[in-house]
Amino acid sequence: MTKSTIHKAVALLSGGLDSMLAILTMLRQGIQVSAIRFITPFDPDASDDHTFHVIRYQSLSHKYGFEIIMRHLSHEMLDIVTKPKHGYGRNMNPCIDCRILMLKEAKQVMDMIGADFLLTGEVLGQRPMSQRKDMLYHIDKEAGVIDTVLRPLSAKLLRITIAERKGIVDGEMLYAFSGRSRKPQIALAGEFGMKDYPSPGGGCLLTEPNYAFRLKDLLAHDPNPAIRDIDLLRIGRHFRYSPRCKIIVGRDKAENAIVESMSADSDYLLRVEGYGSPMTLLTGEITDESLRLAAALCARYSDAKNVREIAVKLIQSGKTSIVSVIPAGDEILDATRIGKRRTREQAIV
Ligand code: SF4
């Protein structure tokens, strides 16, 4: 390597500490880094305030001196979540197929910008399924990136990669972290002067049991869901009326606004007039009976929950009407709520 040669790497930026550390170890060696932040429907960063997250990543890239590339992976990700070739992890997370997909996409960017290698913050043995040594190699093979992916935090425990072999990076300045302990990463973050760093996992929704439960329910009733149906899973309380009809009740002001903004022309929006009320969405094949159930659920979560009979406003395509209902009781919640079964005390929250 001549001193004047500038080498480039394409990093996967997960949003957690490890991927930031991997990037910093390369910047320290004078490597130019372009970091890809994939946005999927299962990414907490894809939620309500997307602008906030873009600004956050831009400020990280300015602070440390690397480029950020934001990329959406909605349909591709949905495909592997519905039909994972390598199966699921503990919940609905198809981590192996997901890593293969992301590395394939990153390889395309690498070729496009003429980068020398790929970079991830993976730590050997940190996750039982996707971060075993044999599985990391298998993922690289399936993604067509054998020996191309440098994992600086565990590089000393892994097969030598092209970047080390060619002397693009100094292997002595890489690490041998393994296992689930966070201590080495926290110490390294200290060396880099990082004070505020993100939580370890990055928070993929597919690893959350309650979200996974809702997603399973959706796929059981609709094997090819629209992206909007997936997006709706992240907000509100969910209830199923029939195989093709669902009710979503907002939990706070912010969710009420999202529920309203995500409604389609064929949906009904419901709210209790004159009381604090959730915005409630009825979607799918709608019947008079499902409308009454949605109204009863809306009333149940409103400030009128103890009123014997209450008027609920229904709105569809700008037209309004009123239905009077008794707020839903616990037995109705238990019979229709989509989610892990709760204790009786939790069930009435
Ligand atoms: S946790 Fe989620 S984002 Fe991360 S590899 Fe698994 S499926 Fe992909």
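The following exchange between a student and a tutor goes through the fold, the ligand shell and the core of this predicted model.

Student: How are residues numbered, and what pLDDT do local features need?

Tutor: Residues are counted from 1 along each chain as its sequence is written. In this predicted model, totals for chains, interfaces and linings use all residues, side-chain atom pairs count only at pLDDT 80 or more, and local features need pLDDT of at least 70.

Student: Into which domains is the chain divided, and how far apart do their C-alpha centres lie?

Tutor: The chain has 13 helices and 11 strands, these being DSSP runs numbered from the N terminus (H or I of at least four residues for helices, E of at least two for strands). Its C-alpha atoms fill a box of roughly 80 × 40 × 35 Å along the principal axes. The division is into domain 1 (8-205) and domain 2 (235-347), with bounds that come from an automatic or database domain assignment. The C-alpha centres of domain 1 and domain 2 are separated by 40 Å.

Student: In what order do the strands of the open parallel sheet run, and which strands stand at its edges?

Tutor: Two strands count as paired if DSSP finds at least two bridges between them, and strand S1 (residues 8-12) meets strand S4 (residues 117-119) in the parallel sense over 3 bridges, with Ala 9 opposite Phe 117. The 5 strands of the open sheet follow the order S3-S2-S1-S4-S5. Each edge strand has a single partner strand, so one side of it is left without a neighbour in the sheet, and these edge strands are S3 (67-72) and S5 (149-150).

Student: Is strand S7 largely enclosed or open, and how many of its residues are buried?

Tutor: A residue is called buried if 20 or more other C-beta atoms, placed from the backbone, lie within 10 Å of its own, exposed if 12 or fewer do, and partly exposed in between. Both faces of S7 are covered, with Cys 245, Ile 247 and Val 249 buried on one side and Lys 246 and Ile 248 buried on the other. S7 is therefore largely enclosed by the rest of the structure, the buried count being 5 of the 5 residues.

Student: Which strands pair with S7 in the antiparallel sense, and over how many bridges?

Tutor: Strand S6 (residues 237-242) forms a hairpin with S7, with 2 residues between them, and Arg 237 stands opposite Val 249. Val 249 also stands opposite Thr 280 in S9, while Ile 247 faces Leu 282 of S9. The antiparallel partners are thus S6, over 5 bridges, and S9, over 5 bridges.

Student: How many of the residues of strand S9 are buried, and how many bridges join S9 to S8?

Tutor: Strand S9 (residues 280-284) is mostly covered, with 4 of its 5 residues buried. Leu 281 in S9 is the bridge partner of Leu 269. S9 and strand S8 (residues 268-272) run antiparallel, and the bridges that join them number 3.

Student: Which residues lie around the ligand, and how do they divide by character?

Tutor: A residue counts as near the ligand if its C-beta atom, placed from the backbone, lies within 6 Å of it, which gives Asn 93, Pro 94, Cys 95, Cys 98, Arg 99, Cys 204, Leu 206 and Thr 207. Ala, Val, Leu, Ile, Met, Phe, Trp, Tyr, Cys and Pro count as nonpolar, Asp, Glu, Lys and Arg as charged, and the others, Gly among them, as polar. The shell therefore divides, on that definition, into 5 nonpolar, 2 polar and 1 charged.

Student: Why is Cys 95 classed as buried?

Tutor: Cys 95 lies in helix H4. Leaving out residues up to four places away in sequence, Cys 95 touches Gly 89, Arg 127, Met 129 and Ser 130, where contact requires C-beta atoms, placed from the backbone, within 7 Å. Cys 95 is buried because the other C-beta atoms within 10 Å number 23.

Student: Which residues of the largest nonpolar core touch the most other members?

Tutor: A nonpolar core is a set of buried Ala, Val, Leu, Ile, Met, Phe, Trp, Tyr and Cys residues joined through C-beta atoms within 7 Å. Among the 89 residues of the largest one, those touching the most other members are Leu 118 and Leu 119.

Notes:
Two residues are in contact if their C-beta atoms, placed from the backbone, lie within 7 Å.
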